[in-house]
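Okay, thanks for making time for this one. I'll put it up on the screen, and then I'd like to walk you through the charged residues and the strands they sit on.

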Amino acid sequence: MGKVGNRQNKTLVCSECKRENYRVEKNVKNTTDRLNLNRYCSHCRKHTEHIEKK
């Protein structure tokens, strides 16, 4: 049986090249707005802002 809870896996998309690079776990009940994180994009080869995918 799987876990029951508020945490869900979310995908982060690079704001410049629009590629899906990261998968993170997020508590949906506590943080209702979208994630915006600065991460390294291997396609752009630099640190860019990564936004949570819809």
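Let's start with Glu20, which counts as partly exposed because its relative accessible area is 37%. This is a predicted model, by the way. The side chain of Glu20 makes a salt bridge with the side chain of Lys53, at 2.3 Å from N to O. Glu20 sits in strand β2 and Lys53 in the segment after β4, so to speak two distant parts of the chain, 33 residues apart. And Lys53? Its relative accessible area is 41%, so Lys53 is partly exposed as well.

How many salt bridges are there in total? The count comes to 6. Let me take a couple more of them.

Glu25 and Arg7 are another pair, with their side chains meeting in a salt bridge at 3.0 Å, N to O. Here the link goes from strand β2, where Glu25 is, to strand β1, where Arg7 is, and the two are 18 residues apart. Glu25 has 49% relative accessibility, so we call it partly exposed. Arg7 also comes out at 49%, so it gets the partly exposed label too.

Now to the pair I'd like to spend some time on. Lys10 and Glu52 form a salt bridge, and their closest N and O atoms are 4.0 Å apart. Lys10 is in strand β1 and Glu52 in strand β4, so this pair ties together parts of the chain that are 42 residues apart in sequence. Buried or exposed, these two? Lys10 is buried, and Glu52 is buried too. For Glu52 the relative accessibility is 8%, and the cut-off for buried is under 20%, so that's why it gets the label.

Lys10 and Glu52 aren't on their own, either: Lys26 joins them in a network of salt bridges. The side chains of Glu52 and Lys26 are also joined by a polar contact of 2.9 Å. As a general point, side chains of opposite charge can pair when their charged atoms come close.

What else does Glu52 touch, once we leave aside neighbours within four places in sequence? Its contacts include Thr11 and Leu12, as well as Asp33, Arg34 and Leu35. Lys10 and Lys26 are on that list too.

Okay, so let's step back to the strands. The protein has 4 strands and 0 helices. Reading from the N terminus, the elements go β-β-β-β. β1 and β2 run antiparallel, with 7 bridges joining them. If you want a landmark in that pairing, Lys10, our salt-bridge residue, stands opposite Val24 in β2. β1 also pairs with β4, again in the antiparallel sense, over 3 bridges. There the landmark is Val13, which stands opposite Ile51 in β4.

On to the loops, where two residues caught my eye. Which residue takes a positive phi in the hairpin of β1 and β2? That's Lys18, near 65 degrees, in a hairpin with 5 residues between the strands. Lys18 isn't a glycine, although its phi is positive. If you're looking for it on the screen, go to the loop between β1, residues 7-14, and β2, residues 20-27. Its relative accessibility is 59%, so Lys18 is exposed.

The other one is Arg45, with a positive phi near 60 degrees, and Arg45 isn't a glycine either. You'll find Arg45 in the loop between β3, residues 36-41, and β4, residues 46-52. Arg45 has a relative accessible area of 69%, so that one is exposed too.

A few overall numbers before I stop. Out of the 54 residues in the protein, 22% are buried. The C-alpha atoms fill a box of roughly 40 × 25 × 15 Å along the principal axes. The accessible surface comes to about 4,500 Å², and carbon and sulfur atoms account for 44% of that. And if you take the contacts with a separation of 6 or more, 32% of them are between residues 24 or more positions apart.

So, if you remember one thing from this, go back to Lys10, Lys26 and Glu52 and their network of salt bridges. Lys10 and Glu52 in that network are both buried. That's it from me.

Notes. Residues numbered from 1 in each chain as written. Predicted model: local features only at pLDDT ≥ 70, side-chain atom pairs only at ≥ 80, totals over all residues. Heavy atoms only, no water. Buried < 20%, exposed > 50% of the residue type's maximum accessible area, 1.4 Å probe, protein only. Polar contact = N/O pair within 3.5 Å; in protein donor to acceptor, adjacent residues only side chain to side chain. Contact = heavy atoms within 4.5 Å. Pairing = 2+ DSSP bridges. Areas by Shrake-Rupley, 256 points an atom, 1.4 Å probe, with all protein chains shown as cover.
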